[in-house]
Structures are given as structure tokens and as C-alpha cells.
Amino acid sequence: MQNTTSKTNKMVKIAMIAAIYATLTLVLAPVSYGVVQFRISELLTVLPAFTTLAIPGLSLGCCLANLIGALLGLNPTGYIDAIVGTSATLIAAILSYLLAKTNHRTLRLILVPLPPVLVNAVIVGAELTVLFNAGEAFAAAWIANAVSVAIGQAVVCYLLGIPLMMVLSKNEFYKKLFRISQS
């Protein structure tokens, strides 16, 4: 019975992260999708520093937000974003988790938000270029899209993500909820 309870507990936490990510993305849809985007839900991409459950939670939340956004006509990249954007989120979440293993607190604060910025710039920048700017100036369009995505990601991941990391690392409720062991 204990094993079933543990699995259920993990599934609930994954679902909570996914639901928060998808809800924030959809509620703030005008700034969540497109070439210029400030996806506020990306502040949650720092969660892999605290729990591995954030990796599937963020990926599922991204997939749901992209699918529902496409279904409702909010996501101009359509259903392909559910594959490409979700893949970028999964890769970034794994890298953030790995970078969070550093013992230096300040370095962790700087490094953990970096993968979502870089990975989304490269992958989502390429996705946007292929879908909207294919042509002779592909390289220039990709660079412009990558920079645009990186700026939006950096603003959200650093200006909102770092304060979230600081709050979570000091809050006893969240430490217990996710069994956070890092300071």
C-alpha cells in the first residue's frame, strides 16, 4: 500500500506542476505564444533544481498548453509546437536539474535558469524560422528568432525564476512538499 501511495503522491505533484504551467500559459496567451513571447509559466523551469518531478511536470504542462493553445487558435505554431516546444522544455528541464547539483548557491542561481533560455532560443527559434521565415535569409531569420526567444526567456527565467528559487529554498512548506534538500 505504501508504494501505491508514494506513486500516487508523485503523480499528483507532477499533475500540479503541469496544471500550473498550462494554466499560466493559457491565461496569459497573448504574451505566451508567437515570435515575441514572454511565457510567464517559464518561471517554473527552475523547479528541477528542487525536484525531479518537475521534469515530467513541466514537459506535460508545456505539451498541454501548446495543444490546447493550438486547438483554441491561440498558438500560431499549431500542433507542431506540442512536439518541438515540449522537446525543448524536456531537454532544458533535464539540463537545469543537472546544473542544480552545484554546491555553490550563487552559481546555482545563475546556472539553473540558463538551459531554458539557451535551449528554447535554439530549438523554438528554429521552429519559428521554419514555420514563418523559410527562404533565402534563413540564417538571419533564425538568429533573429533565437535572439527574440532568448530575450523573452531570460526576462522570465531570471527576473521571476531566481526569486522563485530563493523563496522555495527558504520555505519550509515547499521543502517538505518536494523534499527539498538544497539550501
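## Contacts, cores and a surface patch

Leucine 24 touches Ser32, Ser41 and Leu44, leaving aside residues up to four places away in sequence; a contact here means heavy atoms within 4.5 Å. The structure is a predicted model, in which local features need a pLDDT of at least 70 and side-chain atom pairs count only at pLDDT 80 or more, while totals for chains, interfaces and linings use all residues. Residues are numbered from 1 along each chain as its sequence is written, and side-chain values use heavy atoms, with hydrogens and water left out.

A word on confidence helps before going further. The predictor's confidence in each residue, pLDDT, runs from 0 to 100. Its average over the protein chain is 91, and 95% of the residues score at least 70. Helix α3 (residues 54–71) has the highest confidence, at a mean of 98, whereas helix α9 (residues 172–178) has the lowest, at 72. Helices (H or I, at least four residues) are DSSP runs, numbered from the N terminus. Where pLDDT is low, the predicted coordinates should not be read in detail.

Back at the starting point, leucine 24 is found in helix α1. With 29% relative accessibility, leucine 24 counts as partly exposed, since buried means under 20% relative accessible area, exposed over 50%, and partly exposed in between (1.4 Å probe, protein chains only). Isoleucine 40 is 16 residues from leucine 24 in sequence, and their C-alpha atoms are 6.8 Å apart in space.

The interior comes next. In soluble globular proteins, nonpolar side chains tend to be buried together. A nonpolar core is a set of buried Ala, Val, Leu, Ile, Met, Phe, Trp, Tyr and Cys residues joined through side-chain atoms within 4.5 Å. The largest such core has 24 residues, of which Tyr21, Leu44, Leu47, Ala49, Leu58, Val112 and Met165 touch the most other members. Helices α1 (2–27), α3 and α8 (161–170) each supply at least two residues of this core, and α3 gives the largest share, five residues. Apart from this core lies another, of six residues, including Ala88, Val124, Leu128 and Val149. Leucine 58 touches Ile17, Tyr21, Leu44, Thr45, Pro48, Thr89 and Ala93, again not counting residues up to four places away in sequence.

Helix α7 (residues 138–159) is home to valine 156, which is buried at a relative accessible area of 2%. Beyond residues up to four places away in sequence, valine 156 touches Phe38, Arg39, Ile40, Glu42, Leu43 and Gly161. Valine 147 also sits in helix α7, but is partly exposed, with a relative accessible area of 44%. Alanine 139, in helix α7 too, counts as partly exposed at 48% relative accessibility. The C-alpha atoms of alanine 139 and alanine 29 are 28 Å apart, with their positions 110 residues apart in sequence.

On the surface, Val27, Leu28, Val31, Val36, Phe38, Ile143, Val147, Ile151, Val155, Leu159 and Leu160 form a nonpolar patch with about 920 Å² of accessible area together. Five of these residues, the largest share, come from α7. Patches are made of residues with over 30% relative accessible area and no salt bridge (a side-chain nitrogen of Lys or Arg within 4 Å of a carboxyl oxygen of Asp or Glu); like charges are joined within 9 Å and nonpolar side chains (Val, Leu, Ile, Met, Phe, Trp, Tyr) within 5 Å. Accessible areas come from the Shrake-Rupley method with a 1.4 Å probe, and for residues only the protein chains shown count as cover.

Finally, lysine 170 lies in helix α8 and is exposed, with a relative accessible area of 56%.
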